[in-house]
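User: I am new to this structure. Please take a close look at its aromatic rings, and then show me how their surroundings fit into the rest of the protein.

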Amino acid sequence: MAHLLRNVNDIIDFSFIYNEVENMYCHNNGRPSIDPVALIKFLLIGFLYGINSERRISEEIQVNMAYRWFLGLVLQYYNSLNYKLHISINFFIIYVLSNN
């Protein structure tokens, strides 16, 4: 029996998210954004595992390799991304998801 997140990843094609948020990102100005698919998957982890705090999800990602795999993060990358991810997820929820 496969891990829940592996099953979700095999069943859902998350590429549609890029089309949904394309007009909300500037492609030629500013620093590179965090992948919107990773932001949605971040929230999905919280939903699937009953974690109702973005800060708690970030903490869990630090120690759970399955979560990191699902988000497409490598070990070294996540440690530098931790703070930006927490701030970005709040921005994403407030400004991107609420405008749809």
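Analyst:
**The aromatic rings and their surroundings**

Tyr 49 has a relative accessibility of 31%, so it counts as partly exposed. That value falls between the cut-offs of 20% and 50%. Tyr 67 is another matter: its relative accessible area is 5%, so it is buried. Both values come from a predicted model.

Start with the overall plan. The protein has six helices and zero strands. Along the sequence, the pattern reads α-α-α-α-α-α. Of the 100 residues, 31% are buried.

Now the rings. How many aromatic pairs does the structure hold? There are two. Each can be described in the usual terms: a pair of aromatic rings is given by the distance of the centres and the angle of the planes.

Take Phe 14 and Phe 70. Their centres are 6.1 Å apart, and their planes meet at 80°, which makes the pair edge-to-face. Phe 14 sits in the loop between α1 (4–11) and α2 (16–21), while Phe 70 belongs to helix α5 (residues 65–71). The two parts are 56 residues apart in sequence, so this pair ties together distant stretches of the sequence. Both Phe 14 and Phe 70 are buried.

The other pair brings us back to Tyr 49 and Tyr 67. Their ring centres lie 5.2 Å apart and their planes stand at 50°, so the pair is tilted. An angle over 60 degrees would have counted as edge-to-face, and one under 30 degrees as stacked. Tyr 49 is in the loop between α3 (36–48) and α4 (54–63), and Tyr 67 is in helix α5. This pair therefore ties together parts that are 18 residues apart in sequence.

Charges also sit over rings. The charged end of Lys 41 is over the ring of Phe 70, at 4.9 Å from its centre. Phe 70 thus has a double role, because its ring also pairs edge-to-face with Phe 14. Elsewhere, Arg 6 lies over the face of Trp 69, 4.8 Å from the ring centre.

Next, look at Ile 45. Setting aside its neighbours within four places in sequence, Ile 45 contacts Leu 5, Ile 57, Tyr 67, Phe 70 and Leu 71. One ring from each aromatic pair is on that list: Phe 70 and Tyr 67.

Ile 45 also leads to the core. The largest nonpolar core has 18 residues, and Ile 45 and Ile 61 have the most contacts inside it. Which elements give this core two or more residues? They are α1, α2, α3, α4 and α5. Helix α3 supplies the largest share, with four residues.

Contacts over the whole protein add context. Among those between residues at least 6 apart in sequence, 57% join residues at least 24 apart. On the outside, the protein exposes about 6,800 Å², and carbon and sulfur atoms supply 54% of that area.

One last feature lies in helix α4. Arg 56, Glu 59 and Glu 60 are linked in a network of salt bridges. Arg 56 meets Glu 59 with the closest N and O atoms 3.2 Å apart. Arg 56 also meets Glu 60, at 2.5 Å from N to O. Glu 59 is three residues from Arg 56, and Glu 60 is four residues from Arg 56. Either spacing is about one turn of the helix. Arg 56 is partly exposed, at 41% relative accessible area. Glu 59 is partly exposed too, at 39%.

Conventions:
Residues numbered from 1 in each chain as written. Predicted model: local features only at pLDDT ≥ 70, side-chain atom pairs only at ≥ 80, totals over all residues. Heavy atoms only, no water. Phe/Tyr/Trp six-rings, centres within 6.5 Å; stacked < 30°, edge-to-face > 60°. Buried < 20%, exposed > 50% of the residue type's maximum accessible area, 1.4 Å probe, protein only. Lys NZ or Arg CZ within 6 Å of the ring centre and 35° of its normal. Contact = heavy atoms within 4.5 Å. Areas by Shrake-Rupley, 256 points an atom, 1.4 Å probe, with all protein chains shown as cover. Core = buried A, V, L, I, M, F, W, Y, C linked by side-chain atoms within 4.5 Å. Salt bridge = Lys/Arg side-chain N within 4 Å of Asp/Glu carboxyl O.
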